[in-house]
Amino acid sequence: MTSLNSLRRMWKGVCNRPIIELFDADPERQDRFSAEVDGLLFDYSKINLDGEGLNSLIALVHESRLSEKIEGMFRGDRINTTENRPALHTALRCSDEAEIFIDEVDAAGEARQTLERMEELVANVRSGHLAPASGGRFTDVVNIGIGGSDLGPAMAVEALAPYADGPSVHFASNVDGAQINGILQNLDPATTMLVVASKSFRTIETLINAGTARDWIEAGVGKSGIRERVIGVSNNIVAAEAFGVDPNLVFGFGDWVGGRFSVWGPVGLSLMMAIGPLHFRSFLDGARSMDSHFRTAPADRNIPILLGLTGILHNQICGYGSRAILPYDQRLAKLPAYLQQLEMESNGKSVTLDGKPVREHTAPVIWGEPGTNGQHAFHQMLHQGTRIVPCEFLVAAVGHEPELAHHHDILVANCLAQAQSLMEGNAPMGRQNVTDRHKKCNGNRPSTMLAYRKLTPYVLGQIIALYEHRVFVEGAILDINSFDQWGVEIGKQFATKLLGCVSRGEEPVGADGSTKMLLEFIRRERRDERERCSTSNA
């Protein structure tokens with residue numbers, strides 16, 4: 001791209017420029033390099049970018065025809081070209097008046113009808129109107145899914161814990177039996193509901209966990225109790241019914257919703273169970289507000305576009321290959337993992353839309369931890385390491401514990417201090433001895449800050465939608481498909497081939513020497529374990 005190349009040339013001339021000097025040169029820099037909308041403040045003034053550089057980044061927006069692509073997404077164009085599908089997750093949260101037709105079906109209207117069904121079910125469970133036939137109320141919900149069917153709702157349930165006044169919600173995703181066993185052993189099958197989330201109802205990890213949980217319910221309350229306790233989130237009603245789900249308790253969604261974008265619909269059912277329909281509606285309202293901003297705000301004031309452009313600057317222009325997500329909000333502890341899937345599964349691609357090899361690195365490595373924990377773990381590397389890692393801070397002005405406001409004061413002070421010290425480093429110390437050099441932090445490390453009043457359902461909706469649109473911006477500029485995930489499938493295919501070798505001792509066909517050696521090791525250790533158990537039981 002012409003603008004990308006010009007930005008690289010520009011960057012070579014200013015890459016060592018102290019960011020702090022940009023503030024000295026422009027007393028109003030913090031206002032020019034920030035944007036605020038609907039209670040969210042995005043500050044990107046602490047990155048190595050001046051007005052000329054910003055204009056060149058904005059040129060990328062026009063060069064990539066981003067505005068046309070944005071409207072195509074919201075309109076329902078088949079922008080997921082490899083699967084010939086729209087990417088219409090925004091329809092799950094659009095206004096009551098909206099109509100979006102896909103193959104003569106109103107996707108928005110269909111989503112609203114499903115939402116109303118979800119609300120009716122959840123209201124009945126939370127009120128006790130829908131209760132176990134054996135008596136009492138449902139006290140716990142176990143969400144069984146993986147990937148987008150787990151990361152989104154699990155993150156959101158934890159983030160919105162202050163609003164949770166319904167059944168306790170638990171999440172099982174890993175096929176490792178330790179997780180599902182650790183959850184179920186502390187619950188009562190008589191008062192537990194299962195939400196089995198799998199669009200195809202064929203995801204092996206989900207079906208194995210769901211089968212274990214179903215057997216646990218049957219052992220506790222009998223087979224007749226399964227149909228009132230298992231909810232299906234799937235488009236495969238036949239498979240869900242065969243599993244034991246009442247068809248009236250199956251909630252589907254269009255193939256125009258990708259898993260990692262699906263928390264707004266039936267995949268968010270467990271979240272609605274926890275926080276209730278009204279708060280869930282507020283969550284959708286926040287996302288819809290961000291959708292409107294994304295569609296209408298000019299590029300230089302458009303927060304998703306600006307966030308996407310900072311990602312392009314740091315990854316594709318500066319060559320910083322990873323990005324740290326640092327929420328100074330303990331309830332957003334799962335946000336880095338959620339964004340890891342959102343960004344890396346969406347934009348971890350190696351060919352352009354027309355199938356040609358990409359000329360740029362695509363998705364960065366996403367990682368992070370909540371502050372202040374990270375300060376006592378990896379912030380040492382952020383300040384003094386040889387690799388520069390752009391940091392993205394998130395912080396609330398107000399916490400949910402007014403009686404512990406002094407805790408929040410310390411949290412906020414640390415967040416602001418980390419961003420400031422990453423940029424400024426240590427003051428010059430004149431002639432330095434060896435110890436001084438060990439203490440020196442050079443600074444000039446870029447960061448952005450997303451600040452908001454308080455982590456509410458509305459604000460969480462804004463934040464998630466913001467990052468969804470950021471991924472779209474980066475993918476559009478790089479000319480890649482952000483909505484397929486073929487790289488996820490290859491490992492599943494190999495696992496299917498190897499399962500018989502692991503479970504039944506079949507010989508691996510076409511496997512490499514390393515895989516054969518590891519299989520033999522596992523078989524040997526299993527034989528030895530069985531012999532030890534036999535000896536100890538004798």
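Okay, let's start with two helices, H12 and H13. In this predicted model, H12 covers residues 277-296 and H13 covers residues 303-317, and they pack at an angle of about 75° with their axes 8 Å apart. So H12 ends up roughly perpendicular to H13; the window for that label is 65 to 115 degrees. Who touches whom? On the H12 side we've got Met 290, His 293 and Phe 294, and they meet Ile 303, Pro 304 and Ile 305 from H13. Sort that contact by class and you get 5 nonpolar residues, 1 polar and no charged ones.

Right, on to the sheet. It's open, with 5 strands in the order E6-E5-E7-E8-E9, and the pairing is parallel. Strand E6, at 168-172, and strand E9, at 250-251, sit at the edges with a single partner strand each, so one side of each has no neighbour in the sheet. If you want one pair to click on, take E7, residues 192-197, and E8, residues 230-233: they're joined by 4 bridges in the parallel sense. Val 195, for instance, has Ile 231 in E8 as its bridge partner.

Now, what lies across the strands? Helix H7, residues 148-159, lies across E5, E6 and E7, and runs at about 150° to E6. Helix H8, residues 177-184, lies across E5 and E6, at about 160° to E6.

Let's stay with H8 for a second. Which of its residues are buried? Ile 180, Ile 183 and Leu 184. They span an arc of only 90° around the axis, so they're on the same side of H8. Their cover includes E5, E6 and helix H9, which is 204-221.

That's my tour, thanks.

Methods:
Residues numbered from 1 in each chain as written. Predicted model: local features only at pLDDT ≥ 70, side-chain atom pairs only at ≥ 80, totals over all residues. Heavy atoms only, no water. Pairing = 2+ DSSP bridges. Contact = heavy atoms within 4.5 Å. Axes fitted to C-alpha atoms, helices over the stretch in contact; angles between N-to-C directions. Buried < 20%, exposed > 50% of the residue type's maximum accessible area, 1.4 Å probe, protein only. Arc of directions from axis to C-beta. Parallel < 35°, antiparallel > 145°, perpendicular 65-115°, else oblique. Nonpolar A, V, L, I, M, F, W, Y, C, P; charged D, E, K, R; others polar.
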